[in-house]
Structures are given as C-alpha cells and as structure tokens.
Amino acid sequence: MTVRAGGHAASADPALPLTQARALVVEPYVHPDWAAIEQARVFRQSWQLVGSAAEIAGPGDHLAREIAGVPVLVVRQPNGSVQAFHNVCRHRAGPLAACDGKGARALRCRYHGWLYGLDGRLKVAAEMDDAEGFTAAELALEPVRVGVWQGFVFVCLGADAPPLEEILDGIEARMAPTQLAPMAHRRHWRDEIACNWKVYIDNYLEGYHLPFVHPDLARVVSYAEYNSTLAPWYSLQYAPVSGAGDAYGAGEALYYFVYPNFMLNIMPGRLQVNVVTPLGPDRCAVDFDFYYLDQDDVQARVEADLTFTAQIQQEDVAICLQVQKALASGVYRPGRLSPRREAGVWHFQNLLRRAYGWA
Ligand code: FES
Ligand SMILES: [Fe+2]
C-alpha cells in the first residue's frame, strides 16, 4: 500500500502495539522531500521552546526567532503578560525586529517604518493618506499562540495543537519539589551533527544503548532500575544516579522528551535543556542549555557537568553518524523494538506516524 504524505509517495507504516512494533520506515530519515513535510506537519503544528522568561523580564523586551521558517516575535507587555506575533509587517513583509532586544516602547518596521504597539496593533503608517479605504487601526500583526511554563516560553504556530498546559500535564507533579524557574542559566552550547534530527531523538529515547555506548554513564545511572513512562505528548525516562561526583550529584535523574523536539534533563538542583532542530535530511542542530540552583559549589559542579555531558554527547554523536550512514545506504529494513527498553522510541515514532497521516 502507498500513502501520500505532503505529495511524496511512501510506504504506509501504521502504528502497531508495542509488542509487535518495528522501527519507523527509512524514508523520513533520508528523503529530501521530508523536511518540508515535517516543517508543515510537525514543527508548525507543535509547541516550540523559544527561550526563558527571564530573558524578557521587562516591558518591551523581546525575542526574535524563526520556527519552521516562520519569523516570530515574542514581546513582554507592560502588564507583564507575554504575547507573540509573526515578525512580518502587514505592509510588504518587512521585519519588526532583527534580533532580540530590550525595553522597546513600540515595534517599528525596519523597511518603511510603520509603527506598531507592543500589543501588535498598527498605530502609524506614514504617507498612506491617499490610499483609499486604508485604516491603520484595522491592521495588526498576526498573533501567534504563546505560553509560559516553569519560566520557559513556548510558541505554537498551529491552531490544532492542544494547549501547552495539556501537553506538559503531569511533569510538575512528578518532578516536585523541584522547580525549574529558580535555576539560573549558566552555559549554552550548540552542536551541529551530520544526522537526521530523528536519529538523534530516537537515540535519546532509550537507555538500551547505555552499556554499549556509554560505559562511564552506565556506572552512575542504574541500568537495572532504568525505566520509562509514556504520556500523550511526552515520555519520561528515569533512574537513580549515584557516584558521578560533582557532575550529577546523587538522587533521581528525570529525562523528559516532549514531542516533537525538546528535552528536559533534570537532576537534583540541575536542569539541562536540549532543543533539536532539523537543518536538512542528514543534518541537525542540538542546543544545550545548563541551569543550576545557586549553591556554594555551583562553579565546580558546572565544570564537572559540562565535561561529563560533552563526553556522553560525543559518544551519542558517533553512533548517530553511523546509524545515519546505514539508513542512507538503502540496505536496512526496519527492525523490531524491545518492548522493555524502547517504549519511548515507539511512542515518538507513533506521534510522527500520526503527523504524517499514517495512523
Ligand atoms: S514592510 Fe513594513 S513598513 Fe513596509
Ligand atoms: Fe546516549
């Protein structure tokens, strides 16, 4: 059977029960058409993490971002609320802001100077008096859905995705008493990796590879007690950690993956956030942001954590590159999944199947 996803013919790959499941078919990992399909069906239809609320603490502070090719502007309002708009002028598509900024009183288009309020309404459009029927007050920047959760700002370009609170429902209760908002941002890095974005996420979603790919990590994260649970829009992997010294502390590690592309890696007093962004069929970027509670030994902890995390990342990247090559070689047929160890992979791939129109 053949189905059409966004105009490209691909084999149907229906969702099966976990105990009967196979890995996703190969086309979405290698076909050049798939990026456009996923921009439209995955990234423009889901909540995307765009920054932390602390970056836009004051009125007029703003973030300029691009989500699946769409320029988006997130603006702190004078009343403290957060609004988001297309960063696209209603005149001839000029940008309102070229980059992040602080304390704007209004939003002035950088092309011909039309002036919008922080709430997106057009206030002044010079030399338009002779334009018949033109009323500035009737125009406004196109609004975008926006939400703030635990100090993080998300936007969603699509109307059909459930509300942000529904997507993340259950995370706060499970991670309590940990709160993310009080943790301070300490470090950022970005890796560009020569693999499809889903190869990186598939790999993240299982601890099955721990003993083979990460021997050092396997010594501090209990493989025997490593487990996962599934929610409608996210999955959680969790395990006790001990013996990692400064890097991780001791306690429980919670690894949340929220569909389609971000991860919250929570240890006591520490949060590390990943956002995975496709850059083409065989290239993606992974952003790492590290947040910590401000404790006495925080600097030593940051350094130890960064070193250890970089090592784990190197090990993951090496295996992802090999997998991408093998997928692209044309010889691989999707294999069976381990119901005990790969429920998260199955869950993610089923959400993708649904987005592609296969389930
Ligand atoms: S495009 Fe914005 S003022 Fe012309
Ligand atoms: Fe890994």
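Buried area, as I use the term here, is the accessible area that two parts lose on being put together, summed over both. I note at the outset that the model is predicted.

**Entry 1: domains**

I began with the division of the protein, which gives domain 1 (2-45 + 176-356) and domain 2 (47-157). I looked up how far apart the C-alpha centres of domain 1 and domain 2 lie, and the value is 32 Å. The contact takes 15 residues from domain 1 and 15 residues from domain 2. Between them, domain 1 and domain 2 bury about 1,200 Å², and 62% of that area is on carbon and sulfur atoms.

I then turned to Ser52, which lies in strand β3 (residues 47-52). Is Ser52 buried or exposed? Its relative accessibility is 11%, and because buried means under 20%, Ser52 counts as buried. When I left aside its neighbours within four places in sequence, I found Ser52 in contact with Gly151, Phe152, Val153 and Tyr291.

**Entry 2: the iron ion**

Which residues coordinate the iron ion (ligand 2)? I found His209 and His214, each through NE2, and Asp316, which is listed twice through OD, with distances of 2.0 to 2.7 Å. Along the sequence the donor residues of this ion are spaced H-x4-H-x101-D. His214 sits in the loop between α6 (210-213) and α7 (215-220), while Asp316 belongs to helix α8 (residues 298-329), so the pair ties together parts that are 102 residues apart in sequence.

I next asked why the arrangement around the iron ion (ligand 2) is irregular. The four donor atoms subtend angles of 53 to 154 degrees, whereas a tetrahedral arrangement would need all angles between 85 and 135 degrees, and a square planar one would need opposite donors over 155 degrees apart. I also checked accessibility at two of the donor residues: His214 is buried at 2% relative accessibility, and Asp316 is buried with a relative accessible area of 10%.

**Entry 3: strands β16, β17 and β18**

I followed β17 (residues 270-280) next, since eight of its eleven residues are buried and the strand is therefore largely enclosed by the rest of the structure. On one side I looked at strand β16 (residues 262-267), which pairs with β17 in the antiparallel sense over six bridges. The two strands form a hairpin with two residues between them, and Gly269 in the turn has a positive phi of about 75 degrees.

I then looked at strand β18 (residues 283-292), which is joined to β17 by ten bridges, again in the antiparallel sense. β17 and β18 also form a hairpin, with two residues between them. Which residues stand across from Gln272 of β17? Asn265 stands opposite Gln272, and in β18 the bridge partner of Gln272 is Phe290.

**Entry 4: strands β13, β14 and β15**

Strand β14 (residues 234-241) is mostly covered, with six of its eight residues buried. I found strand β13 (residues 227-230) running antiparallel to β14, with four bridges joining them, and the two form a hairpin with three residues between them. In this pairing Thr229 stands opposite Leu236 of β14. β14 also pairs with β15, in the antiparallel sense and over eight bridges, and there I noted Pro240 opposite Glu252 of β15.

**Entry 5: backbone details**

I looked up cis peptide bonds and noted one that joins Ala176 and Pro177, with omega about 5 degrees. Pro177 has its place in the loop between α4 (171-175) and β12 (184-193). Another is the peptide bond from Tyr259 to Pro260, which is cis with omega near 5 degrees, and Pro260 is found in the loop between β15 (251-258) and β16.

I closed with positive phi values at residues that are not glycine. Ala93 has a phi of about 70 degrees, and I located Ala93 in the loop between β6 (82-86) and β7 (107-108). Glu127 has a positive phi of about 60 degrees, although it is not a glycine either, and Glu127 is found in the loop between β9 (122-124) and β10 (143-149). Is Glu127 buried or exposed? At 78% relative accessibility Glu127 counts as exposed, because the cut-off for that word is over 50%.

How values were computed: Residues are numbered from 1 along each chain as its sequence is written. Chains are lettered from A and ligands numbered from 1 in the order in which they are written. This is a predicted model: local features need pLDDT of at least 70, side-chain atom pairs count only at pLDDT 80 or more; totals for chains, interfaces and linings use all residues. Side-chain values use heavy atoms; hydrogens and water are left out. Donors are N, O and S atoms within 2.8 Å of the metal (3.2 Å for Na, K and Ca); water is not among the atoms, so sites may look incomplete. Four donors count as tetrahedral if all angles lie between 85 and 135 degrees; four count as square planar and six as octahedral if opposite donors are over 155 degrees apart and all others between 65 and 115; anything else is irregular. Buried means under 20% relative accessible area, exposed over 50%, partly exposed in between (1.4 Å probe, protein chains only). Two strands pair if DSSP finds at least two bridges between them. Domain bounds come from an automatic or database domain assignment. Contact means heavy atoms within 4.5 Å. Buried area is the accessible area (1.4 Å probe) that two parts lose on being put together, summed over both.
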